[in-house]
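These are my notebook entries on helix packing, burial and ring pairs. I set down each look-up in turn.

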Amino acid sequence: MRVLILGATGGLGRALARALKGHELLLSGRRAEALRALGEEVGGKPLPADLTDELEAKALLEEAGPVDLLLHAVGVGARAPVRETPRDLLEETLQAHLLTAHLTLKHARFRPGARAAFFGAYPAYVRVPGFAAYAAAKGALEAYVEAARKEFRREGVHLVVVRLPAVATGLWDPLGGPPRHALSPEEAAAKVLQGLLQEPPAELLEV
């Protein structure tokens with residue numbers, strides 16, 4: 001199986017790469033040094049890129065070529081009251097989640113029957129005070145994938161929205177650390193892959 005993991009140097013992306021060791025892995029992220037180290041560890045090919053830049057995203061996806069499984073584990077965490085949220089924080093959050101997903105689907109190439117997974121969020125978990133920007137980005141991402149799914153189905157490609165509970169990754173660092181009940185990245189990766197590889201493929205995978 002040929003797998004492309006975007007955001008591979010994040011906590012979840014790294015756990016997914018380790019869980020998929022032995023497959024043909026293509027790994028992308030912005031931190032080139034960390035990406036190379038991960039590539040050596042799991043036998044994957046590092047393809048550093050900034051997915052918010054269309055030229056870099058297009059070049060990355062052209063180099064990656066057709067894949068069987070694409071995992072979009074890209075995102076940032078943000079918490080701020082609405083009246084204290086600067087424009088650049090809102091834009092950065094939307095770019096990290098929505099723009100990168102758009103550029104991925106715009107330029108990605110897939111093998112027949114391929115699956116592409118994007119990580120949404122349980123609304124009840126994120127539509128709370130202080131998380132308006134993050135909730136908006138996740139909601140927009142889910143809506144985008146739902147609409148795009150109808151187009152990609154005609155190409156034989158299955159788009160999946162994955163909703164995870166809290167996962168203990170670096171995403172929580174600016175928020176004061178993960179909740180006590182958070183899954184480890186390894187637990188989350190195992191549950192995600194089990195659900196993604198089921199038959200028939202799910203459209204919404206809630207872990």
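**Entry 1: Leu 61**

I looked up Leu 61 and found that it counts as buried, at 2% relative accessibility; buried means under 20% relative accessible area, exposed over 50% and partly exposed in between, with a 1.4 Å probe and protein chains only. The model is predicted, so I kept to its thresholds: local features need pLDDT of at least 70, side-chain atom pairs count only at pLDDT 80 or more, and totals for chains, interfaces and linings use all residues. Residues are numbered from 1 along each chain as its sequence is written, and side-chain values use heavy atoms, with hydrogens and water left out.

Leu 61 sits in helix 3, residues 54–64. Helices (H or I, at least four residues) and strands (E, at least two) are DSSP runs, numbered from the N terminus. I then listed the contacts of Leu 61, contact meaning heavy atoms within 4.5 Å. Leaving aside neighbours within four places in sequence, Leu 61 is in contact with Leu 4, Leu 103, Thr 104, His 107, Ala 108 and Arg 109. From Leu 61 to Gly 7 I noted 14 Å, C-alpha to C-alpha, with their positions 54 residues apart in sequence.

**Entry 2: helix 3 against helix 4**

At what angle do helix 3 and helix 4 pack? The angle is about 45 degrees, and the axes are 9 Å apart. Axes are lines fitted to C-alpha atoms, for helices over the stretch in contact, and angles run from 0 to 180 degrees between N-to-C directions. Helix 3 is thereby oblique to helix 4; angles under 35 degrees count as roughly parallel, over 145 as roughly antiparallel, 65 to 115 as roughly perpendicular and the rest as oblique.

I recorded the crossing of helix 3 and helix 4 as right-handed. A crossing is left-handed if the near helix is turned anticlockwise from the far one by less than a right angle, and right-handed if clockwise. On the helix 3 side I found Glu 54, Ala 57, Lys 58 and Leu 61, which meet Leu 103, Thr 104, Lys 106 and His 107 of helix 4. By class, this contact has three nonpolar, two polar and three charged residues. Ala, Val, Leu, Ile, Met, Phe, Trp, Tyr, Cys and Pro count as nonpolar, Asp, Glu, Lys and Arg as charged, and the others, Gly among them, as polar.

**Entry 3: helix 4 against helix 6**

I next took helix 4 (residues 87–107) with helix 6: their axes come within 8 Å and cross at roughly 15 degrees. The two helices are therefore roughly parallel to each other. Helix 4 passes helix 6 in a right-handed crossing. Among the residues of helix 4 that meet helix 6 are Leu 94, Leu 98 and Leu 105, and the helix 6 side includes Tyr 134, Tyr 144 and Phe 152. By class, the contact has 14 nonpolar, three polar and one charged residues.

**Entry 4: aromatic pairs**

How many aromatic pairs are there? I counted three; rings of Phe, Tyr and Trp (its six-membered ring) pair if their centres lie within 6.5 Å, and planes under 30 degrees apart count as stacked, over 60 as edge-to-face and the rest as tilted. One of them is Phe 110 with Phe 152, edge-to-face at 6.2 Å centre to centre and 90 degrees between the planes. Phe 110 lies in strand 5 (residues 110–119) and Phe 152 in helix 6 (residues 132–153), so this pair ties together parts that are 42 residues apart in sequence. Both Phe 110 and Phe 152 are buried.

For Phe 131 and Tyr 134 I noted ring centres 6.4 Å apart and planes at 75 degrees, so this pair is also edge-to-face. Phe 131 is buried, with a relative accessible area of 14%, and Tyr 134 is buried at 13%.

**Entry 5: helix 1 and the loop before it**

I found Leu 12, Gly 13, Ala 15, Leu 16 and Ala 17 of helix 1 to be buried. The elements that the buried residues of helix 1 pack against include strand 1 (2–6), helix 2 (32–42) and helix 7. The axes of helix 1 (residues 11–19) and helix 7 (residues 185–196) come within 8 Å and cross at roughly 60 degrees, and the two are therefore oblique to each other.

Thr 9, in the loop between strand 1 and helix 1, is buried, with a relative accessible area of 8%.

**Entry 6: a cis peptide bond**

I closed with the cis peptide bond that joins Glu 199 and Pro 200, where omega is about -10 degrees. Pro 200 is found in the loop between helix 7 and strand 7 (204–206). Most peptide bonds are trans.
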